[in-house]
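Subject: Structure for you to look over

Hello,

I am passing this structure on to you, with my notes underneath. Please read them with the structure open.

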Amino acid sequence: MSGKELPKQEKRRWGRIETNIADLVSGVKENKFSSIARAISMVEDEDPLLRKDILRKIGTSATKAHVIGITGPPGIGKSTLIGNLSSGMMARGITNGVLAIDASSPFTGGSLLGNRIRMQDKLRESHVFMRSLANRGEKGGLSRSAIGAVRILESAGNQEIIIETVGAGQADLDIMNLADTIVLVLAPGLGDEIQAIKAGIMEISHIFVINKMDREGAYFAMKDIEDIVSMDDHSGWKRPVVGTTSNDNDSYNGLIDAILSHRKYLEMSNSLSVKRRYMELETALEDEINETITSKLKKKLLEEYVSGKGMGHDRLDDDPFSIAEDLLKNFLEYSIE
Amino acid sequence: MEDHKGFWHSKLREASERNSSSKDESLEKWRKNTLEPWEEKTGYKPREFINSSGIEIKDVYTKSDLPEDQEKFLGLPGEYPFTRGVYPNMYRGKEWTMRMFSGFGTPEDTNARLKYLISHGETGLSIAFDMPTLYAYDCDNKRADGEIGKCGVNVSSLKDMEVIFDGIDLSKVTTSMTINAPAAVLTAMYFSIARKQGLSLDKIGGTVQADILKEYIAQKEWIYPPEAHIRIIRDMMIYCTENVPRWNYISISGYHIREAGSSAVQELAFTLADGFYYVEMGKKAGLDVDQFAPRLSFFFNSSINFFEEIAKMRAARRIWATALKEKYGAKSKRAMMLRFHTQTSGYTLTWQQPHINIVRTAFEGLAAVLGGTQSLHTNSYDEAMALPSEEAVKVALRTQQIIAEETGVTDTVDPLAGSYYVEWLTNRIEEEAYRYFDKIESMGGILEAVKSGYIQREIATTSYRRQKRIEEGKEVMVGANKYVESEEKPINILRIPGEAQERQIKRLNEVKATRDGKRVAETLERLRKAMEDPDKNIMPFLIDAVESYATLEEISNVGREVYGGWKEPIII
Amino acid sequence: MAAGKNQSSSKQRPPKILLAKPGIDGHDRGVLVLARAFRDAGMEVLYAGLLPTPEEVIDTAVNEDVDVIAMSLLNGAHLTVFKRVADLMKERGIDDIALVGGGTIPEEDKPALEALGITGNYGPGTPLSTIIEHVRKRAAEAREKKMGQD
């Protein structure tokens, strides 16, 4: 996508972090796709030091991004919808980037990242950066990658960041915590699938889309959802229901309007990015605790063991686990008092 | 369709009831007294016997595996439901048509190959086109670079077709053109050549594939969204029904579905489901089913599991006849008859030890004949590597001639009828096809099932499963995963020289320089108007455009502007 | 898997592969099988869909930061089209994404492709395990280049 903008022989590597991270960061800030791509790889590799390094250098950005989570059952046309939504926003001068999440196999760690096909042409035409992220099923793993990727896309000057998820499971809900605005995509004739969705995601969605409005039963599907939201109490936000049709570009304007008006609503109530900042802090803390406290504490307890302080006697013959348990217990009791 | 809601559901129920085999006490006794002691004595190790469709095969079949009223589902040859063949005397009366697929490089090369085959006794012409032609890109398009003439002949304008058929009297041959997305344009070109030869359109005969549904399912060669192609095919159907009585405008093809990795049942079910769609389309367009259904022909694959293929073809005839009669209200026998062309499987061929492919092809060809095919293409042994050489094509043709004239399998009609196994398998495959029809019906029809990617995913799953079975040695491919030879000698293969591209571009430039540009613009503008108006028939406008020497891509670009393009659903 | 996180400070994501048919060619049985096979071998797999241009394939590869582009063509145009991909990569200075080829590629075409850095060039009937092993090796090399000093 960045074909024309790329200078020849542009340095793409980031391995030589000492020398190149500055280039990489300035590349991100210039919205250079190859730099954005490599920076996201860095946060995807589960090396907390690297991740911290790059995200720190990227820092907070002048443009504040609004994160849109798009979810809904498989086969509902989310990818096509995102292609149209994204290019529709670009046409209005609203810069945006897209992240698509796919699930990994819990057994092999492999994954099929299939979401690109139906949106890539539109995104390429509109010069939108898109990246697929695998949900590797590790606790917190995806949210870390996604949080970092959102930060990077924000720093590249995107006003809107669209995240597509597969619409199932805990990892999905985690991602939805990152989103300021959750858009639930449905289609006529879903029946059972709607019932299944109602359970969780329905409650937390801010906007409903009935996709494939050209299909039979669209009107009733829309009416169904309108009936549900009419009894809503969503802290002052009246949840809109909008219709889209893939071959009708104009139909996406309604969705864009709804998204922008939710953004406005969040801004007015000072709640834009609040959840995201909280998640960022949460993972940062976890990383800090893991990397800093863990190693410091380990060092201190080992010193105590060697010096015999707090242990009373030499326990050379004990099993290491009981010693470790005692050391920690002693320390916690001591420090909490 | 509305008045037949659940038609397939009830058919499925009937079939599964019929196929639940009754208890056979003498067989149980045999198992206990004869089989088990034998297995014990010989140290038999149980293993899996399944065919490509995952149907489990029993050790022995008896009368108890067939329904009481089995005869009712067989009929006699040439009679409903045509399980035993569409013609009363089959090959005793007339051999099948030996139709060898050809076409490569430039139109001149293809013209020479066609003349060669005619002189060797081939009874029908069959033309393959290269990829740019199949996707309606001219030879000078940047995307087509390196692909001209590689997988078939290149046609960019009417001029190329004139060269292909130079010196061939279209009233003396029938031509089958393997083309789908741009089928209407190529058809228009063929009609135009006939007119130039002074022939009226009722004097020519042939087939275009024009089976667009299987493109979205398997071959993946499309230009526009499905609805646009369907509309164009509808126009061609109406035009030819009225004007070209010997033109078979749709050859509903399972071949590619199978080559894409499907099972025999999937090939059968998805192909017939496509066929039903076209019948419904014709009816919706106001055509009389007894008039247009006889023009629909089929194209099946004959793969390596011998009896499964035969059973598939016999089941196909029965299902089609049943549906046409019961669901679509056909009255004439011809409308209920499923006639088909067969090609042996390319997928089963190996590049290792290529000459053993001759043997595979012979068995597959034999299965097609025992399955009652109307015409047959036998693959050449070098086909796993590249386009066939002349020598390899001759061997393939001789293979058919041996089946026809030496083996004696044609002496009687449907020689396998009454075989417990074959009849049981025919019944089972029919039932499994009904299972798919029922599912497709519940999804809102084949078009929805294809657009959502359901059909494609089913095939991809089967294909991967088979690949893994081969990998694990559960399925044998001689020469590839068993009886492998350490040193393989490369065979002599046909290469398409790069000049094909240059020559084609040169001719295209000449065409563009000498045609009447104003006329081209006018015919294209009229075509656009016709395309925008769904009540118009675009065929006459296509013929005009073709005759003004508008190129294939120029013509198709009008459609691209009117209808847009298409991206496949996500199936990985 | 989860246990590895604290022990190694630089746990890497799995090899990331882009499957592509950069030409006018709808024969996708092979790539669809490979997509699943690569996934089952623990890789992250992207598929560029049908009919992408070489430019589109490279853009996708860059944005997704893949390790390998695995190209398949069964239409005989590999010498032209694979070469165009390799040339474009060179032009853009991309040297840390490996190119692997496959399809109906005659033996005598292989040296020319190898010279362009396109390896493998497997024909139909090649065991999946052979292809997987090769792709994994090439992915590791590419990753090494991405990470390494030079």
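I begin with a pair of residues in chain B. B:Thr207 has B:Asn248 opposite it in strand S5(B). The strands concerned, S4(B) and S5 of chain B (residues 247–248), are paired in the parallel sense through two bridges. B:Thr207 also has a partner in another strand: it is the bridge partner of B:Ser176. That second pairing is between strand S3 of chain B (residues 174–178) and strand S4 of chain B (residues 205–208), which run parallel and are joined by four bridges. Helix H7 of chain B (residues 183–196) belongs to this part as well, since S3(B), H7 and S4(B) make a β-α-β unit that is right-handed.

Please keep in mind that the model is predicted.

Chain B as a whole

There are 23 helices and nine strands in chain B. The radius of gyration of chain B is 24 Å, which agrees with the value near 25 Å that a compact globule of 572 residues would have. Along the principal axes, its C-alpha atoms fill a box of roughly 85 × 65 × 50 Å. Buried residues make up 52% of the 572 in chain B. Of the contacts in chain B with a separation of 6 or more, 77% are between residues 24 or more positions apart.

Chain A and its sheet

Chain A has 13 helices and eight strands, and 43% of its 337 residues count as buried. Where contacts in chain A link residues at least 6 apart in sequence, 74% of them join residues at least 24 apart.

Seven strands of chain A form an open sheet with parallel pairing, in the order S4-S2-S5-S1-S6-S7-S8. The edges are strand S4 (129–135) and strand S8 (241–243) of chain A; each has a single partner strand, so one side of each is left without a neighbour in the sheet. On average, neighbouring strands of this sheet are turned by 25° against each other, direction ignored. Helix H10 of chain A (residues 218–230) packs on the sheet, where it touches strand S6 (181–186), strand S7 (207–210) and S8 of chain A, and its direction makes about 165° with that of S8(A). At the S4 end, strand S2 of chain A (residues 96–103) runs parallel to S4(A) and is joined to it by seven bridges. One opposed pair there is A:Ile101 and A:Leu133, the latter in S4(A).

A sheet with strands from chains A and C

Which strands make up the other open sheet, and in what order? Six strands form it, in the order S3(A)-S2(C)-S1(C)-S3(C)-S4(C)-S5(C), and the pairing is parallel. Strand S3 (111–113) of chain A and strand S5 (118–122) of chain C stand at the edges with a single partner strand each, so each has one side without a neighbour in the sheet. From one strand to the next the twist averages 25°.

Within chain C, strand S1 (residues 16–20) and strand S2 (residues 44–47) run parallel and are joined by four bridges; C:Leu19 stands opposite C:Tyr47 in S2(C). Helix H3 of chain C (residues 54–64) lies across S1, S2 and strand S3 (68–73) of chain C, at about 165° to S1(C). Helix H4 of chain C (residues 78–91) lies across S3, strand S4 (98–103) and S5 of chain C, at about 165° to S4(C).

Contact between chains B and A

Five residues of chain B are in contact with eight residues of chain A. The chain B side that touches chain A has two nonpolar, one polar and two charged residues.

Regards

Technical notes
Residues are numbered from 1 along each chain as its sequence is written. Chains are lettered from A and ligands numbered from 1 in the order in which they are written. This is a predicted model: local features need pLDDT of at least 70, side-chain atom pairs count only at pLDDT 80 or more; totals for chains, interfaces and linings use all residues. The radius of gyration is taken over C-alpha atoms; the globule rule is 2.2 Å times the number of residues to the power 0.38. A residue is buried if 20 or more other C-beta atoms lie within 10 Å of its own, exposed if 12 or fewer, and partly exposed in between; C-beta atoms are placed from the backbone. Two residues are in contact if their C-beta atoms, placed from the backbone, lie within 7 Å. Ala, Val, Leu, Ile, Met, Phe, Trp, Tyr, Cys and Pro count as nonpolar, Asp, Glu, Lys and Arg as charged, and the others, Gly among them, as polar. Two strands pair if DSSP finds at least two bridges between them. Axes are lines fitted to C-alpha atoms, for helices over the stretch in contact, and angles run from 0 to 180 degrees between N-to-C directions. A crossover is right-handed if, with the strands pointing away from the viewer, the path from the first strand over the helix to the second runs clockwise.
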